[in-house]
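These are my notebook entries on a single structure. I set down what I looked up, entry by entry.

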Amino acid sequence: MDGVIMADEVPNRADWKVGVDIGGTFIDFCALEANSGRLASLKVLTTPEDPGAELMTGLTLLAEREGFDPAHMTRFVHGTTVGINTIIQRKGAPLALFTNAGFEDVIELARLRMPDMYSLFCSRPDPLISRDMVFGIPVRMRADGSESRAPDMAAVERALAMAKANGAQGIIVSFLHSWRNAAQEASVKAAIAHLAPELFVFCSAEVWPVIREYERSSTAILNGYVHPRVCGYLTALEERLKDRGVPARPMLTKSNGGLMNAAEGKHACVNMLLSGTASGVIGASWLARQAGEDRILTLDIGGTSADFALIIDGEPQFGTGELIGEFPLHIPSVSVSSIGVGGGSIASVDAQGVLRVGPESAGSTPGPACYGRGGERATVTDAMVVCGWLGHSEMAYGQLSIDTGLAQRAVGELAAGLGRPVEQTAQAILDIAVSEMFVEVEKLASRAGVDLRDFTLMPFGGGGPMLGAFLARELGMKRVMAPRRPGVVSALGGLVADLRGDFIRTIFSQLSGTSLPTIREAFETLAQEGRDWLVAQGHNAAAQLTLSCDMRYIGQSYEIEVVLSPEWLADANAAAIADAFHRTHQRLYDFHDPDGEIELVNVRLSAVGAGPKLSFPEIDVIAATAIPARRLPVYTGVSVETIDLHYRQSLAPGSTFQGPAVVVQEDTTFAIPAGAQASVDRHLNLLLTFPE
């Protein structure tokens, strides 16, 4: 990911494109000067007490170190964790829910599923809106979209007074069958705006207009819950960028792996809840395609969590129902599985004397003990330091120096309680972290029906290369590919991402030749919405429109998504649509019923506006054995061994060496276990292969 010319060779009129991603510990910067192809990267510690301040610090450092000029920034893409952290920490806005009288328990009943089917003592999370803030309004819409009873505006006024008295800052309006006809929700919203203009209001049909009242209601609630904090953050972001003289219109990464402008993000907050994890997968997909890898398991380890995703045929996988903290997100998003194990995850001994790792994290403040910022509890990073894998160079582009003594003391306190040597305790922390990731990855592979031995592991994030090779070895994977700058892959994802908007309509129609005009009309309406959305984002070039339907056999409770060809609709080819459904059902469930009647539930459309075409230079490969910078002692799990240390910038394409070894660079450290054969490819990716 390095460029080809020096800072003083950049043309007078530079064209900077900047991607930024904020995690729990660091904010990552990836800045490309498009005229030269030169790429600069940077990490800055986050400032939880003043979100957004670290962004200005990073821009200042880029200007000082790289000759970056904010006035020449033509693209600025930003991923943030403000929304998801608001939900996880339960620091969102106090809300009230207005729903149909008699349906006040909709969010508590949910889907009546136990969080852990194997535990008799599990409990469901408390709803984001407490029961006393749910108000039933006498109103009813029939399933066909005709009105049975108009909203009782006197009841709305009484409910509004009670909601305000109880401290509500916003109102969520969600009525039955608003997916078919949203007029009742709209009329109640207008009444609230007239009676209490100081409150914000979101209607379920305007956030995500789908059948199933729980999914529609919960999506609208998530949107409203984070709205004030997200809106305030984005407003401050725009002002700060304007004060720095940045002309680029700020864009945001979305949960679906695409982009939208910051103005839309202020009200469509739910679309950016998984922006950071999604942009990491998009960046990894782009790097995989550059390297000719089509089957990738991504491993993104930050300070707080480890995130996993599958890339198949060079493309990320999408789905719905991803968890945001304890709550499902029902809009399309890049499929990512997460676990609370990261570099800052704290190790502890429970009441039964069992060593545990995470999910509590030291974050950036105070951070792991070895950072010397006040942390006193042992973390995964401290365990890596005690074992000797870390601590041989400055970290995070020179912003952190590792204090081995502090790491030894923190892990030593745990070791004393366990009655074990310090190095063995540190190794146990690492083993537990890897084993917890192993369990989560195995679940992911089982759900997807794939054999991970056919995949290459791509570790990134600040902690991915530290533990990635050990996880790959445990999973039986034969290849690992670490990009040139693993620490800023999520920020790179913002740079290479496209604009992408998702649109949906529920139609409920049996598949037949006579129903195709209705389906075609729904798609045409969505297509126009998609084109209009792209224009609103500032995209006036060609649009790529992808059509799909949620379909099922009549009698089934849930449906599957089937991609459709526009020609099938134009030609009224119901047989081709049915055949596509049967094939998809067979692939997913190893079963299909060729004589079964098919029902279409939702029509979907994705509108994509291609982003800038970027490429990094390839360098000729010259085979050579890498010469280590020095040797160092490392506890490898059984004993202390003396192994090689390499500097990443000294490894040219074609360089080879054997593990065990350590590779250090500005944004991370790559720990390479014994038995691995390492080499560098023409894209400066570091490749590991394990023997059969």
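Is Arg 212 buried or exposed? I worked from a predicted model, and in it I found Arg 212 at 19% relative accessibility, which counts as buried because the cut-off for that class is under 20%.

**Entry 1. Backbone at Arg 212 and Phe 508**

I placed Arg 212 in the loop between α6 (204-207) and α7 (213-243). I then read its phi, which is near 85°, a positive value in a residue other than glycine. I noted Phe 508 under the same heading, with a positive phi near 50°. Phe 508 belongs to strand β25. I recorded both because most residues other than glycine have a negative phi.

**Entry 2. Cis peptide bonds**

I looked up two peptide bonds that precede proline. The bond from Gly 358 to Pro 359 is cis, with omega near 0°, and Pro 359 lies in strand β22 (residues 355-361). The bond from Gly 659 to Pro 660 is also cis, with omega near 5°. Pro 660 sits in the loop between β32 (655-658) and β33 (661-664). I kept these on record because most peptide bonds are trans.

**Entry 3. Aromatic pairs**

How many aromatic pairs does the count come to? I obtained seven. One of them joins Trp 16 and Phe 68 edge-to-face, at 5.5 Å centre to centre with 80° between the planes. This pair links distant parts of the chain, 52 residues apart: Trp 16 is in strand β1 (residues 16-22), and Phe 68 is in the loop between α1 (53-66) and β4 (73-79). I found both Trp 16 and Phe 68 buried.

I next looked up Trp 179 and Phe 508, whose ring centres are 6.1 Å apart. Their planes stand at 65°, so I entered the pair as edge-to-face, given that the class requires over 60 degrees. Here the two residues are 329 apart along the chain, with Trp 179 in the loop between β9 (170-173) and α5 (183-195) and Phe 508 in strand β25 (residues 499-510). Trp 179 counts as buried at 9% relative accessibility, whereas Phe 508 is partly exposed at 30%.

**Entry 4. A charge over a ring**

I examined Arg 500 and Phe 318 together. The charged end of Arg 500 sits over the ring of Phe 318, and I read 4.4 Å from the ring centre.

**Entry 5. Cysteines**

I looked for disulfides, and the count comes to zero. Why does Cys 269 form no bond with Cys 231? The sulfur of Cys 231 is the closest cysteine sulfur to that of Cys 269, but the separation is 7.0 Å; a disulfide requires sulfur atoms within 2.5 Å, so this distance is too far for a bond. I also read the accessibility of Cys 269, which is buried at 0%. Cys 30 is buried as well, with a relative accessible area of 0%.

**Entry 6. Helix packing**

At what angle do α12 and α13 pack? I read about 55° between helix α12 (residues 422-448) and helix α13 (residues 464-475), with their axes 10 Å apart. I therefore entered the two helices as oblique to each other. The crossing of α12 and α13 is right-handed.

**Entry 7. Phe 135**

I located Phe 135 in strand β6 (residues 134-137). Phe 135 is buried, with a relative accessible area of 8%. I also looked up Glu 104, 31 residues from Phe 135 along the chain; the C-alpha atoms of the two are separated by 6.5 Å.

Notes:
Residues numbered from 1 in each chain as written. Predicted model: local features only at pLDDT ≥ 70, side-chain atom pairs only at ≥ 80, totals over all residues. Heavy atoms only, no water. Buried < 20%, exposed > 50% of the residue type's maximum accessible area, 1.4 Å probe, protein only. Phe/Tyr/Trp six-rings, centres within 6.5 Å; stacked < 30°, edge-to-face > 60°. Helix = DSSP H or I, 4+ residues; strand = E, 2+ residues; numbered from the N terminus. Lys NZ or Arg CZ within 6 Å of the ring centre and 35° of its normal. Axes fitted to C-alpha atoms, helices over the stretch in contact; angles between N-to-C directions. Parallel < 35°, antiparallel > 145°, perpendicular 65-115°, else oblique. Left-handed = near helix turned anticlockwise from the far one by under 90°.
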